[in-house]
Structure formats: structure tokens, C-alpha cells
Amino acid sequence: MYLEKENVSLYYEVHGEGDTLILIHGVIVDADLYREAAKLLSKYYQVILYDRRGNSRSRCKGNLSFRMDDQIEDIKDLMDALDVKTAYFAGVSAGGVIGQYFLQRYPERVNHLIAYEPAMLGVLLDDENLKAWIEEMKQTVAKRRFNSALLRFAQHIGPMDERAPEKSPEVSQREMENHVYALTQEFPGMAEYQPDMEKMKALADKITFAAGERSTQAGTVYARAAVRLAEEIGRKPIYYPGGHNLPFELPREFAVCVIGTMAFLGGGGTPGGAVFSF
């Protein structure tokens, strides 16, 4: 389905019934990051998946520049179109960044946000190696050496889990077509993004920062960012199994962790704390 806006046709899907859970993907990938996890989560939630503007099936009409305000207004407009007053959110990588920005702008519409390995790398800019990597990435992209940039980008994500399913040719093709937009438009702003910490602290009871155990063991920048951000707002990070692309690589584990997190927080998930199963 598509939500037609003046400057974008926003692709989205709705699965299941109950409290709404909106899943936000990161760069290069699209809603299929959550495909299998959404099937499991839809037994307990009304799950909304969508391709963020500029990615895959959500093609912009005209201007392709990345603006955070556009990203969050897309979410608000989608919620309004579907008559969703409030929702739970989970976002991976850049999806976690957009989720917290939406929370700061529209806190009354967010029940809770799980930010899994959010790409708020600006909080780690005291790391000279990270600063050097960001500068190298910018220069490589400026020279339009996109394949080289992708290889360097992947090094910070970490290796794919050996238990991950194989991507379909259709999804792989869509992701290939997202590369240039991701590297030229999304990456520059995301790489050095620093959230408004005072606003985040004020909303700390609505945010859970999570990192993958595999990512943590490898010391990836995304896992480190999650831990740093949790400490900054006075909360403890939680750890899920797997790596950066957990929802795709281990969808059952991701679904269990999301439901368990929400149940622990006393919001959403299984009614009355009931035992859940897939």
C-alpha cells in the first residue's frame, strides 16, 4: 500500500491487530529488514512496516535531499492516515535515530521506543579512530567510489550472523539501488548526529537502548553508542542476541526480545503478562 504525499509515495504494510508497533529501518535496507520478525510480532501487535522516503519502494517526487523533519513527518502522516493515536516503536541503526527524533517532537504519540544500536555516532566523536573513519568515508563518497565506501561502511557493522537466512534477489536488488542515496544523502548527517541530550533525559522513561551481544563482543561503534547513550540518560542498556542486523538475521530472537522488553516495562505485548509463544 502507498500513502501519497506531495513529495513522496510512501510504501507501507500493516499486519495483525492490537496495540500498534511501528518498525523503522536503517540505511540501505528497507522494510524487509523486519519481514519475518513482523510475522511473529503481528500475533501480539498491529505491526506497521514502511520503506523510509528515498529508499526502495518509497520514491521521492523531485528533491532527494535527506531531512530529519521529513522523516518524522512521514511517520506522523502515516499514523494519522491509519487513525493510530499512539504507538510503540522499534528502530535499528538510523531507525533508532529517527525514532528518538520523533519522540522528541511528538512525545504524546510514543508509548515507548526501543533504539537498537542507534546510529548516533556523534556521541563517540572523542574517538579519533572513528573521526578518521567518518572523514575517510566522506572523501571516498565525494570521489563517487561507492563500492569502496560500502566495504568500509560494512566493517563497522560487523560480520553477518552465520544463522542468517539468504536474501531474495528482489530484496538484494532494491538494496543495491539504495546505495547511492544512502551514502550521499543519509550517511553524512547520520555519521555525526548528536541528539539533544536534555530532551532525551526528560523522556528517558520512554526510551530503551539495546545492543547486540555479538556487536558488543566485537566492540562495534553502534553497540558502543547504545551503551553510551543509555549511560547519558541514566538508564541501563539491555542486550539482545546477535549483531547489528538482528531483525533480519535472527527474527525470532528479535521478536522475543521486543515482546519481552515491552512486557518488562509494563506496556504492550502479551495481555496481562501472559505467556507468549510462536
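## The largest cavity

By class, nine nonpolar residues, one polar residue and no charged residues make up the lining of the largest cavity. Here Ala, Val, Leu, Ile, Met, Phe, Trp, Tyr, Cys and Pro count as nonpolar, Asp, Glu, Lys and Arg as charged, and the others, Gly among them, as polar. The model is a predicted one, in which local features need pLDDT of at least 70 and side-chain atom pairs count only at pLDDT 80 or more, while totals for chains, interfaces and linings use all residues. Residues are numbered from 1 along each chain as its sequence is written, and side-chain values use heavy atoms, with hydrogens and water left out.

If you would like to find this cavity in the viewer, its lining includes Val27, Ser93, Phe153 and Tyr222. Helix H6 (residues 169-191) gives the most to this lining, with three residues; helices are DSSP runs of H or I with at least four residues, and strands are runs of E with at least two, numbered from the N terminus. The space inside is about 70 Å³. A cavity is a set of points, on a 1 Å grid over the protein atoms alone, where a 1.4 Å probe fits but cannot get out, and lining residues have an atom within 4 Å of a point. Grid points are joined across faces, edges and corners, and the volume is the space filled by probe spheres set on the points.

## The second largest cavity

The structure holds two cavities of 30 Å³ or more, and the second largest has a volume of about 40 Å³. Its lining has four nonpolar, no polar and four charged residues. Among the lining residues are Asp30, Asp32, Lys167 and Glu175, along with Phe248.

## The sheet

Now for the strands: eight of them form an open sheet in the order S1-S2-S4-S3-S5-S6-S7-S8, with mixed pairing. Strands S1 (2-4) and S8 (238-240) stand at the edges with a single partner strand each, so one side of each has no neighbour in the sheet. On average, neighbouring strands of this sheet are turned by 25 degrees against each other, direction ignored; the axes are lines fitted to C-alpha atoms.

Strands S5 (residues 87-92) and S6 (residues 110-116) run parallel and are joined by six bridges, where pairing requires at least two DSSP bridges between two strands. Ala90 stands opposite Ile114 in S6.

## Cysteines

Zero disulfides turn up in a search of the whole structure, a disulfide being a pair of cysteine sulfur atoms within 2.5 Å. Cys60 counts as buried because its relative accessibility is 16%, and Cys257 is likewise buried, with a relative accessible area of 16%. Buried means under 20% relative accessible area, exposed over 50%, and partly exposed in between, using a 1.4 Å probe and protein chains only.

Terms used. 1 Å grid on protein atoms, 1.4 Å probe; cavity = no way out; pocket = protein on both sides within 12 Å on 5 of 7 lines; lining within 4 Å. Axes fitted to C-alpha atoms, helices over the stretch in contact; angles between N-to-C directions.
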